[in-house]
Amino acid sequence: MTEEYRQLKEYMDQSDKTVAVTGAGISYLYGMRRLKQSVGMMNARRVFSVSYIRKNPEKFYEIMKDAFLDATFIKGPSTVHKQLAKLENQGKIYGIVTQNLDCLHTIAGSKNVVEFQGSFRDNICVGCGNRSFDYLVWNQGHMPRCEKCGEPLMPTGFYMDAGIRDSVSNQTMNKAADLISEADLVLVIGTTGFRSDEYLRKMKAGTKLVQINPSVTEFDRIADLNIHADAAEVFDAVLNG
């Protein structure tokens, strides 16, 4: 075990509440596509409009399937998702804040997860506005439909009605910041810092921050410990060291 890994293990052993923050890095490495690859030359704003989804529900479903759903339901959680779930089960991680919409933390077994950009388990009907909170509606091989009116569902985080989208975004980001406020150790994993000023705003003085990322990011200048390595390798050492 390297000195960096030993230091991380020591931090985690001494911590009462460790919160992990995860980004796209832990999903892209395991088969998740970038959304713009799936949307292609189409305008994203048009694709995520109510009118487009109503007229082209199955096309929208195919875009979601290509970008997210195959990786979520066919490839499933990565090693890192499973390691974090195991650490939570062992009481070594208190909760997870993620920018990812793919529900892979939940599928891996993590319980205390805040998805600050929304996810496929928070959906809204493009017809009546009814909310649905079950990611499994996206694992039926076709566009999910509202139980009340039969119109298509879409993830709330993609909804282009600014009032609803911003309200949901504010709620989830506040939950993320509240979870961070309880931590005495924050692990940022596979993220370059997207919206980090919002979820870190309540971090207590004295809380340690550790970055685990093969790449250099904005966290390099503020982290108490930078581990530029693959997260699966790092957590394997922590779990088995």
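## From a helix end into the chain

Just after helix H6, glycine 76 takes a positive phi of about 75 degrees. The model is a predicted one. H6 itself covers residues 57-75 and carries a kink of about 60 degrees. The kink is centred on leucine 69. Leucine 69 is also one of the buried residues of H6. Phe68 is buried as well, and so are Ala67, Ala71 and Thr72. Earlier in the helix, the buried set includes Pro57, Phe60, Tyr61, Ile63 and Met64.

Next comes helix H7, residues 79-89. Its buried residues are Val80, His81, Gln83, Leu84, Ala85, Leu87 and Glu88. Note that His81, Gln83 and Glu88 appear in that list beside Val80 and Leu84. Glycine 91 follows H7, and its phi is positive too, near 85 degrees.

Which residues have a positive phi although they are not glycines? Cysteine 103 is one, at about 65 degrees. Arginine 195 is another, at about 60 degrees. Most residues other than glycine have a negative phi. Cysteine 103 sits in the loop between strand S2 (95-98) and helix H8 (104-108). Is cysteine 103 buried or exposed? Its relative accessibility is 3%, so it counts as buried; the cut-off for that class is under 20%.

Arginine 195 belongs to the loop between S7 and H10. Strand S7 spans 185-189, helix H10 spans 196-199, and threonine 192 is found in the loop between them. Threonine 192 has a relative accessible area of 57% and is therefore exposed; that class begins over 50%. Exposed does not mean without partners here. Leaving aside neighbours within four places in sequence, threonine 192 is in contact with Thr217, Glu218 and Phe219. Cysteine 125 gives another reference point. Cysteine 125 and threonine 192 are 67 residues apart along the chain, and their C-alpha atoms are separated by 32 Å.

Now turn to helix H11, residues 231-240, where glutamate 233 has its place. With a relative accessible area of 47%, glutamate 233 is partly exposed. How far apart in space are glutamate 233 and threonine 79? C-alpha to C-alpha, the distance is 9.5 Å, although 154 residues separate the pair in sequence. Threonine 79 falls within the residue range of H7.

Step back to the whole chain. The protein chain has 11 helices and 9 strands. Take contacts between residues at least 6 apart in sequence: 61% of them join residues at least 24 apart. Buried residues make up 51% of the 241 residues.

What about overall dimensions? The C-alpha trace spans about 55 × 30 × 30 Å along its principal axes. Its radius of gyration is 18 Å. A compact globule with 241 residues would have a value near 18 Å, so the chain agrees with that expectation.

The surface and the charges complete the tour. The accessible surface of the protein chain comes to about 11,200 Å². Carbon and sulfur atoms account for 46% of that area. The chain has 29 positive and 29 negative charges. The mean positions of the two sets are 5 Å apart.

Definitions and conventions:
Residues numbered from 1 in each chain as written. Predicted model: local features only at pLDDT ≥ 70, side-chain atom pairs only at ≥ 80, totals over all residues. Heavy atoms only, no water. Helix = DSSP H or I, 4+ residues; strand = E, 2+ residues; numbered from the N terminus. Rg over C-alpha atoms; globule rule 2.2 N^0.38 Å. Buried < 20%, exposed > 50% of the residue type's maximum accessible area, 1.4 Å probe, protein only. Contact = heavy atoms within 4.5 Å. Areas by Shrake-Rupley, 256 points an atom, 1.4 Å probe, with all protein chains shown as cover. Lys, Arg positive; Asp, Glu negative; His and termini not counted. Charge placed at Lys NZ, Arg CZ, Asp CG, Glu CD. Bend = angle between axes of the 7 residues up to and from the residue.
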